[in-house]
Amino acid sequence: MSKLKQQLLLLGMADLPINTTITQHLHQFITSSSAHFDHVRQQRPNSTMSDLLLGFMTLHHQQAQHIAAIKMKAVFSHTIGDNYATNFTHQDQEYLLALTHLWLMVQGAYGIDYSYSNEQAKIQSIALISNENTAPSTQINTNVESLRCEFMQSYYLGKNYNTVKFSTRIKQLFRKV
């Protein structure tokens with residue numbers, strides 16, 4: 001098992017509130033990024049694992065934001081209209097969704113301020129749910145709010161990992177593998 005996967009499992013990755021498609025994207029990310037994470041660890045031997053993991057996830061999350069998923073959805077909306085665009089999904093969008101869950105889980109685990117994480121969860125929810133403009137500005141769009149809440153569940157999953165004893169986390173790790 002790679003060190004990246006091990007660290008993410010210790011933070012609660014196995015309990016993220018995600019479906020099997022998103023889980024597949026998480027495994028794809030871990031498989032493709034483990035060598036990079038090991039390289040980063042070798043380049044920064046004096047850094048703590050928490051600093052490395054938080055920086056690593058932030059970098060990969062930012063890169064995923066620049067992928068064409070959100071732009072692709074905008075092209076669908078512009079080309080075929082909003083009603084039909086909702087029938088299309090792009091794998092990059094699901095990949096960004098998966099990384100956002102991981103990123104927020106890591107933020108929670110390492111004590112990043114709630115207000116920052118909540119703001120990021122809302123920004124990502126709005127970006128991923130392209131129909132935020134269909135709700136009047138005085139109403140909360142339930143799709144955006146629902147996704148934000150899912151993201152914050154990931155944040156709290158990471159945050160609550162500190163309350164579990166280390167021996168319990170190790171047992172959970174081996175049980176999940």
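Which pattern does the chain follow when read along the sequence? The answer is α-α-α-α-α-α-α-α-α. This is a predicted model, in which local features need pLDDT of at least 70 and side-chain atom pairs count only at pLDDT 80 or more, while totals for chains, interfaces and linings use all residues. Residues are numbered from 1 along each chain as its sequence is written, and side-chain values use heavy atoms, with hydrogens and water left out.

**View 1. The whole chain, built from helices.**
Welcome to the overview: the chain has 9 helices and 0 strands. Helices (H or I, at least four residues) and strands (E, at least two) are DSSP runs, numbered from the N terminus. Of the 177 residues in the chain, 37% are buried; buried means under 20% relative accessible area, exposed means over 50%, and partly exposed is in between (1.4 Å probe, protein chains only). The accessible surface comes to about 10100 Å², and carbon and sulfur atoms hold 51% of that surface. These areas come from the Shrake-Rupley method with a 1.4 Å probe, and for residues only the protein chains shown count as cover. Among contacts between residues at least 6 apart in sequence, 74% join residues at least 24 apart, where contact means heavy atoms within 4.5 Å.

**View 2. Helix H1 meets helix H2.**
Two packed helices are described by the angle between their axes and the distance between the axes. The axes of H1 and H2 (residues 20–43) come within 7 Å and cross at roughly 110°. That crossing makes H1 roughly perpendicular to H2. Axes here are lines fitted to C-alpha atoms, for helices over the stretch in contact, and angles run from 0 to 180 degrees between N-to-C directions. Angles under 35 degrees count as roughly parallel, over 145 as roughly antiparallel, 65 to 115 as roughly perpendicular and the rest as oblique. On the H1 side, look for Lys-3, Leu-4, Lys-5 and Leu-8; H2 brings His-27, Phe-29, Ile-30, Ser-33, Ser-34, Phe-37, Asp-38 and Arg-41. By class, this contact has 5 nonpolar, 3 polar and 4 charged residues. Ala, Val, Leu, Ile, Met, Phe, Trp, Tyr, Cys and Pro count as nonpolar, Asp, Glu, Lys and Arg as charged, and the others, Gly among them, as polar.

**View 3. Helix H1 meets helix H3.**
Now turn to H1 (residues 3–10) and H3 (residues 49–65), whose axes come within 12 Å and cross at roughly 100°. H1 is therefore roughly perpendicular to H3. Lys-3, Leu-4, Gln-7 and Leu-8 of H1 make the contact with Met-49, Leu-53 and Phe-56 of H3. These residues divide into 5 nonpolar, 1 polar and 1 charged. H3 has 17 residues and reaches 24 Å from its first C-alpha to its last, close to the 24 Å expected at 1.5 Å a residue; the expected span is 1.5 Å times one less than the number of residues. Among the buried residues of H3 are Leu-53, Phe-56 and His-60.

**View 4. Leu-4, a buried residue of H1.**
Is Leu-4 buried or exposed? At 0% relative accessibility, Leu-4 counts as buried. Its place is in helix H1, where Gln-7, Leu-8, Leu-9 and Leu-10 are buried too. Not counting residues up to four places away in sequence, Leu-4 touches Phe-29, Ile-30, Ser-33, Ser-34, Phe-37, Leu-53 and Phe-56. Leu-4 and Ala-35 are 31 residues apart along the chain, with 8.9 Å between their C-alpha atoms. Just after H1, Gly-12 takes a positive phi of about 110°.

**View 5. Arg-41, a partly exposed residue of H2.**
Arg-41 lies in helix H2 and has a relative accessible area of 29%. Beyond four places in sequence, Arg-41 touches Lys-3, Met-49 and Leu-52. The C-alpha atoms of Arg-41 and Phe-56 are separated by 10.0 Å.

**View 6. Leu-104, Gln-107 and Tyr-116.**
Leu-104 is found in helix H6 (residues 91–109), and Gln-107 lies in H6 as well. Leu-104 counts as buried at 0% relative accessibility, and Gln-107 counts as buried at 2%. Leaving aside neighbours within four places in sequence, Leu-104 is in contact with Ser-117, Ala-121, Phe-151, Ser-154 and Tyr-155. With that same limit on neighbours, Gln-107 touches Leu-54, Ile-112, Tyr-116, Ser-117 and Tyr-155. Tyr-116 is found in helix H7 (residues 114–128) and counts as partly exposed at 37% relative accessibility.
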